[in-house]
Amino acid sequence: MRKINILKPILVSNKQRAIENRKKFDSMNSLVINIIASPGAGKTSFIYRVVEHFKRNYRVLIIEGDIRGQVDSECLLKLKVDVIQINTLTECHLDAFMIAQVLPKIKKKYDLVLVENVGNLVCPAEFEIGEDYKLAILSTPEGDDKPLKYPLLFHLSKVVVINKCDLLPYVDFSLKKAKAGFKKENPKIKIFDVSAKTGKGFEKVYRFLERELKVKKKGFRR
Ligand SMILES: Nc1nc2c(ncn2[C@@H]2O[C@H](COP(=O)(O)OP(=O)(O)OP(=O)(O)O)[C@@H](O)[C@H]2O)c(=O)[nH]1
Ligand SMILES: [Mg+2]
């Protein structure tokens, strides 16, 4: 039996499309963040807090990726910002072609585009979508060994958010061990410890994103 390696060409053509998407977002000076985590880690809860904070002074768009349904979009629409839903149906990640399909729906210039990828620690890391960077979320009940077991995401992410820190007293999760794992994969990674439930730790996230938005507004590529 002959084995045909199709993953490489798929990733190459995806990368080409991601570059085109990126040009479009850059032309609008939109900061695009690809948010990746396991199912239930707190992507929507994180986005909710970030949008609630920034929507007063910045134009925000959320692109919501789910296999099916629009549960998260319905929740985020309460924030009265624009939300575009993508249902991937059989795919466990967003890809650059899916983002390209919704680009014509983007009629306004947005300062911040937050993309909630499909809940998965593996496949979304492999497919660029035209983002400025990836932001990974790991929640404490998932365990502190995840950077060692799913290294690609943490290797490629500029930022990692450790969520559900309010649960630290109840779960076996060492912040020190997790952070060492992230740094091993990516010595430059920026780490935030938060609780999207209580809001603890978000002031630092807001300050970081505020700086990022200002840089992007001046038209610098990252
Ligand atoms: N205790 C605690 N619960 C949290 C926190 N953040 C989110 N949750 C809860 O965790 C569950 C999942 O949160 P979501 O924000 O929906 O997670 P998600 O990653 O968007 O999930 P999917 O979109 O289904 O992959 C919800 O019940 C949240 O209320 C947190 O910081 N602490
Ligand atoms: Mg969600």
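Mentor: Before we begin, a donor here is an N, O or S atom within 2.8 Å of the metal (3.2 Å for Na, K and Ca), and sites may look incomplete, because water is not among the atoms. This is a predicted model, in which local features need pLDDT of at least 70 and side-chain atom pairs count only at pLDDT 80 or more, while totals for chains, interfaces and linings use all residues. Residues are numbered from 1 along each chain as its sequence is written, chains are lettered from A and ligands numbered from 1 in the order in which they are written, and side-chain values use heavy atoms, with hydrogens and water left out.

Trainee: How are the donor residues of the magnesium ion (ligand 2) spaced in sequence?

Mentor: The ion is coordinated by T44 through OG1, D72 through OD and E116 through OE, at 2.0 to 2.1 Å. Written as a pattern along the chain, the spacing of these donor residues is T-x27-D-x43-E.

Trainee: How many residues apart in sequence are the parts that D72 and E116 tie together?

Mentor: Helices (H or I, at least four residues) and strands (E, at least two) are DSSP runs numbered from the N terminus. Both D72 and E116 are buried, a word that means under 20% relative accessible area, with exposed being over 50% and partly exposed in between (1.4 Å probe, protein chains only). Since D72 belongs to helix α3 (residues 71-76) and E116 to strand β4 (residues 112-116), the pair joins parts whose separation in sequence is 44 residues.

Trainee: What share of the accessible area of ligand 1 does the protein cover?

Mentor: Polar contacts, meaning pairs of N or O atoms within 3.5 Å, link the ligand to the protein: an oxygen atom of ligand 1 lies 2.5 Å from a polar side-chain atom of S45, and D72 offers a polar side-chain atom at 3.0 Å from an oxygen atom of ligand 1. For K164, the distance from a side-chain N or O atom to an oxygen atom of ligand 1 is 3.1 Å. By the Shrake-Rupley method with a 1.4 Å probe, ligand 1 has 650 Å² of accessible area on its own, and the protein covers 67%.

Trainee: Which helix gives the largest share of the shell around ligand 1?

Mentor: A residue counts as near the ligand if one of its heavy atoms lies within 4 Å of it, and of the 18 residues around ligand 1, K43, T44, S45, D166 and A196 come nearest. The largest share of this shell, three residues, belongs to residues 43-54, which form helix α2.

Trainee: Is K164 buried or partly exposed?

Mentor: K164 sits in the loop between β6 (159-163) and α8 (175-185), where its phi is near 65°, a positive value in a residue other than glycine. With a relative accessible area of 24%, K164 is therefore partly exposed.

Trainee: Which residue's backbone nitrogen does the side chain of N14 reach?

Mentor: N14 is placed in helix α1 (residues 7-27), and it counts as buried because its relative accessibility is 2%. Leaving aside neighbours within four places in sequence, N14 is in contact (heavy atoms within 4.5 Å) with D95, A96, F97, F127 and E128. At 2.8 Å, the backbone nitrogen reached by the N14 side chain is that of A96.

Trainee: What is the relative accessibility of L76?

Mentor: L76 is found in helix α3, and, once its neighbours within four places in sequence are set aside, its contacts are T44, I47, Y48, I62, E64, V81 and V83. L76 counts as buried because its relative accessibility is 0%.

Technical notes:
Polar contact = N/O pair within 3.5 Å; in protein donor to acceptor, adjacent residues only side chain to side chain.
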